[in-house]
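Visitor: I would like a close look at a single part of this protein, the largest pocket. Where does the pocket lie, and what lines it?

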Amino acid sequence: MSMELAEAKQKFIEAWGKLGSEWGINRTMAQVHALLLVSPEALTTEEIMDALSISRGNANMTLRDLIGWGLVEKQHRAGERKEYFFADKDTWNIAKQVAKERRKRELDPVIKILDELSGVKGDAKDPEYLTFHKSVTDINKLAKNVDKTLDTMIKAEENWFWGSIVKMFR
């Protein structure tokens, strides 16, 4: 099964968009990121709009979000007014950046709430209180273990991290 490069790129962009939406990331955001991942040169907003058939407003909003996530950087070229956008192609850097952002947006707020809920006082003989307290405490412990694992991943070098994971399953 032979596929032309243009068709393969399109298939990758679509697959990355689908994967992104399954992970709770806007499909267009994932598709723009995918396009920039497979583009050897930085692209202008117009080139992104043309390649993905999206509006200027959608392109601008999506690029702003990708910059906010730390996945894309804006570049300027001397003598040109156009802005160019470039994605880091290092998959380990991408994974660490996505982990950092998801932690900040999802895990940190949950841990904050669970810490607060863990401190709720009640009657140690009341089954409702005991069930609530145990559930909240157990989930908080799990969330903090996930947080520690993410912290280790974010700080780790790729070879060390995967080596450590492999050792756990031996």
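Guide: What follows takes the pocket, then the two domains, and then some helix contacts. The model is predicted, and the values below are computed from it.

The largest pocket holds about 330 Å³ of space. It is lined by 17 residues, and those closest to its centre are Trp16, Trp23, His33, Ile94 and Val98. Three elements give two or more residues to the lining: α1 (5-22), α2 and α5 (91-118). Sorted by class, the lining residues of the largest pocket are 13 nonpolar, 3 polar and 1 charged.

As to where the pocket lies, the domain assignment divides the protein into domain 1 (5-87) and domain 2 (91-167). The largest pocket lies between these domains, because both of them give residues to its lining. The C-alpha centres of domain 1 and domain 2 are 31 Å apart. The domains also touch: 7 residues of domain 1 are in contact with 6 residues of domain 2.

One of the lining elements, α2, can be followed further. Helix α2 spans residues 27-37, and its axis comes within 9 Å of the axis of helix α4 (residues 56-68), with a crossing angle of roughly 75°. Angles of 65 to 115 degrees count as roughly perpendicular, so α2 is roughly perpendicular to α4. On the α2 side, the contact is made by Thr28, Met29, Val32, His33 and Leu36, and on the α4 side by Asn58, Thr62, Leu63, Asp65 and Leu66. By class, this contact of α2 with α4 has 5 nonpolar, 4 polar and 1 charged residues. His33 therefore appears twice in this account: it is among the residues closest to the centre of the pocket, and it is one of the α2 residues that make the contact with α4.

The other domain can be picked up at Leu150, which is in helix α6 (residues 127-155). Apart from its neighbours within four places in sequence, Leu150 is in contact with Ala99, Arg103 and Leu107. A longer span can be drawn from Leu150 to His76: the two are 74 residues apart in sequence, and their C-alpha atoms are 34 Å apart in space.

To return to the request, the largest pocket lies between domain 1 and domain 2, and its lining has 13 nonpolar, 3 polar and 1 charged residues.

How values were computed: Residues are numbered from 1 along each chain as its sequence is written. This is a predicted model: local features need pLDDT of at least 70, side-chain atom pairs count only at pLDDT 80 or more; totals for chains, interfaces and linings use all residues. Side-chain values use heavy atoms; hydrogens and water are left out. Axes are lines fitted to C-alpha atoms, for helices over the stretch in contact, and angles run from 0 to 180 degrees between N-to-C directions. Helices (H or I, at least four residues) and strands (E, at least two) are DSSP runs, numbered from the N terminus. Angles under 35 degrees count as roughly parallel, over 145 as roughly antiparallel, 65 to 115 as roughly perpendicular and the rest as oblique. Contact means heavy atoms within 4.5 Å. Ala, Val, Leu, Ile, Met, Phe, Trp, Tyr, Cys and Pro count as nonpolar, Asp, Glu, Lys and Arg as charged, and the others, Gly among them, as polar. On a 1 Å grid over the protein atoms alone, a cavity is a set of points where a 1.4 Å probe fits but cannot get out, and a pocket is an open set with protein on both sides within 12 Å along at least five of seven lines; lining residues have an atom within 4 Å of a point. Grid points are joined across faces, edges and corners, and a volume is the space filled by probe spheres set on the points. Domain bounds come from an automatic or database domain assignment.
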